[in-house]
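Reader: I have a two-chain model open and would enjoy a guided walk through it. Could we go through it together, question by question?

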Amino acid sequence: MSLVSVSDLGVRLGARAVFSDVTFEIGAGEVVGLIGPNGAGKTTLMRAVLGLLPFEGSSSLAAMPAAERARLAAWMPQAREIAWPVSVETVVMLGRVPHLGTLQRPGGEDRARVAAALERMELSEMRARPATQLSGGEQARVLIARALAQDTPLLIADEPIAGLDPAHQISTMQSFAALAEAGKSVLVSMHDLGLAVRHCTRLVLLGEGRLIADGPPGEVLTPARLARVFGISAWYQVTEEGPVYQPLDVLR
Amino acid sequence: MRLALPLLVVVAGLFMVSLLTGPAEIGVGRSLAALFAGGEDPVALVMREIRLPRALLAVMIGASLGLSGAAMQGYLRNPLAEPGLIGVSGSAALGAVLAIQTGLAATFALGLPLAALAGALGGVLLVMALAGPRGTSLTLILGGIAVSSLAGALTALVLNLSPNPFAASEIVFWMMGSLADRSMTHVWLALPLMVVGFGLLAGLGRGLDALTLGEDAAQAMGIDMGRLRLMLVIGTACVVGAGTAVAGAIGFVGLVVPHLLRPLVGAHPGRLLWASALGGAAMVLLADIAVRVILPERDLKLGVLTALVGAPLFLHLILRLRRERI
């Protein structure tokens, strides 16, 4: 069953086409890594898929009514914005907004989901602290917890692990893997190809104004593509510890 | 809600004090009895025709300014935002000034407030046209600044070219904002618009909460940003337009009250709405009592007092904010 299907998607900013003719589907139980150089249009692609900006082509998510879409897909933007000094728990509880009626207050299930998300992101200790006083990495974890609390079949996250310490980078990717095991799916943009190879079930490579490759990590990241798209060389080996991927040098 | 009850008590208490404050020395028991008793007794007339509308308008206008200030700050995610930002109060003032200058205000009693409402309507339509249907909060601010400065410039032009010094001084005094000598007619004129505005603004709570995480995230959580912005602009225009039409420009309330109350509601933008409505009512009641007590003979203007008290209070808040950020 596909959670989202996108076909011939294209976005123009003014006269410039950011990308065009992007077609892919995400089924249940996948962790899809969206990779590509700076300016390839990863953020734009995710926002277009959600219907947050004008686009050409079609996206099944964008076609839905906003309220229904919010129960199917959660979105974690790259900009880590927390405008007011509200508590960590309050921020995470915002993830329950799509599940509440206009005047309905959060109930037992909402609190349970929030507690689980806080626990998952190791934030239970700081649940009462003002979110604006946390460090950048901690705020990122709060916002990931917020997206997890939305409890949607699909999570779309824009560079969620940028700025996290190594332990939390790995544990966040493992959380995504756990979601996939539970039948949910994640579309996550990232720059760390090593983590992408280890933790994603599939990679989508965006660049040169189109979708260049879509498939299992080992097949997508061929030396020729790396050289052409990223201008780097890398070392890749499937070891006893799982796949290891280490970018080595700049080629140009 | 632990905050609601104390705030309600404060507003009710100040409302009573406002009813009991005035140049006519009337005892507490006598004045309250006169308020409810019928008849043409002069005390009853003073209570019902002078003090009651004054106290009611203070509550209505204070709640309007507090509520719309909290909503505006929540929408723009900026603690320095205030209801006048979208140009409604400026354009309402322009309407009122034109009414005074042309003599419309003198020909019939509601000429001035109705002209001010027309000005507010013109201003809000212009802001919405400038901001566009798909615009962001930034286009709304820019549209508001454009309309505010245009209305300010036109008001200055009217004053500049005014051949009549009496009209000019009347304009200047009107613009300072006051609740003196208002009647129940003013209450009935402002009330329907304010009720509509309160309804629109009170419905923004959840959307403003979601906006804590930014426009993109809020939109992805199912919040219709276009609808939210329309409710905010029309709601603010209703309450601030009606308030300015009957009382002139009263500054700083919409800016300071949400600021003062924010820590008491855990910075929750939704909860801040009703808290600021009550807080604004309390602040305007208090200021309107103060203008009658401090200089009973000199007709101290309400807007002057709120600015005199509000500006230092605001400076204090900024200093506190600076200490916290370091």
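Reader: How many helices and strands are there in chain B?

Author: Happy to start there, keeping in mind that this is a predicted model. The secondary structure of chain B contains zero strands. Its helices number 15.

Reader: Why can chain B be called as compact as a globular protein of its length?

Author: The C-alpha trace of chain B spans about 60 × 50 × 40 Å along its principal axes, and 51% of its 326 residues count as buried. For 326 residues the globule rule gives 20 Å, and chain B is as compact as a globular protein of that length because its radius of gyration is close to that, at 20 Å.

Reader: Among contacts in chain B between residues at least 6 apart in sequence, what share joins residues at least 24 apart?

Author: Here we leave out pairs under the separation of 6 and ask about those at least 24 apart. In chain B that share comes to 78%.

Reader: Which helix gives the most to the side of chain B that touches chain A?

Author: The contact takes 18 residues from chain B and 21 residues from chain A. On the chain B side, helix H10 (205-211) and helix H11 (215-220) each supply at least two residues. That side divides into seven nonpolar, six polar and five charged residues. With four residues, the helix that gives the most is H11(B).

Reader: Turning to chain A, how many helices and strands does it have?

Author: Chain A has 252 residues, of which 43% count as buried, and its C-alpha atoms fill a box of roughly 55 × 40 × 35 Å. Its radius of gyration, 18 Å, is close to the 18 Å of the globule rule, so chain A is as compact as a globular protein of that length. As for the elements, chain A has nine helices and eleven strands.

Reader: Which are the edge strands of the six-stranded open sheet in chain A?

Author: The order of this sheet is S5-S6-S7-S3-S8-S9, with mixed pairing. Neighbouring strands are turned by 15 degrees against each other on average, direction ignored. An edge strand pairs on one side only, and in this sheet those are strand S5 (73-76) and strand S9 (210-215) of chain A.

Reader: Which residue in S6(A) does A:Trp75 stand opposite?

Author: S5(A) and strand S6 (residues 154-158) of chain A pair in the parallel sense over four bridges. Across from A:Trp75, in S6(A), is a residue that is also in contact with A:Met46, A:Val49 and A:Leu50, among others. It is one of the two with the most contacts inside the largest nonpolar core, which has 178 residues; the other is B:Ala96. The residue opposite A:Trp75 is A:Ile156.

Reader: At about what angle does helix H1 of chain A run to S6(A)?

Author: Helix H1 (residues 42-50) of chain A lies across S3, S5, S6, S7 and S8 of that chain. Helix H6 (residues 166-181) of chain A also packs on the sheet, touching S3, S6 and S7. For H1 against S6(A), the angle is about 150 degrees.

Reader: And strand S11 of chain A: how many of its residues are buried?

Author: Strand S10 (residues 232-239) of chain A runs antiparallel to S11(A), with eight bridges between them, and a hairpin through two residues joins the pair. One bridge links A:Ser233 to A:Asp249 in S11(A). S11(A), residues 242-250, lies largely in the open because, of its nine residues, the number buried is zero.

Technical notes
Residues numbered from 1 in each chain as written. Chains lettered and ligands numbered in written order. Predicted model: local features only at pLDDT ≥ 70, side-chain atom pairs only at ≥ 80, totals over all residues. Rg over C-alpha atoms; globule rule 2.2 N^0.38 Å. Buried ≥ 20, exposed ≤ 12 C-beta atoms within 10 Å, placed from the backbone. Contact = placed C-beta atoms within 7 Å. Nonpolar A, V, L, I, M, F, W, Y, C, P; charged D, E, K, R; others polar. Core = buried A, V, L, I, M, F, W, Y, C linked by C-beta atoms within 7 Å. Pairing = 2+ DSSP bridges. Axes fitted to C-alpha atoms, helices over the stretch in contact; angles between N-to-C directions. Lists of a residue's contacts leave out its neighbours within four places in sequence.
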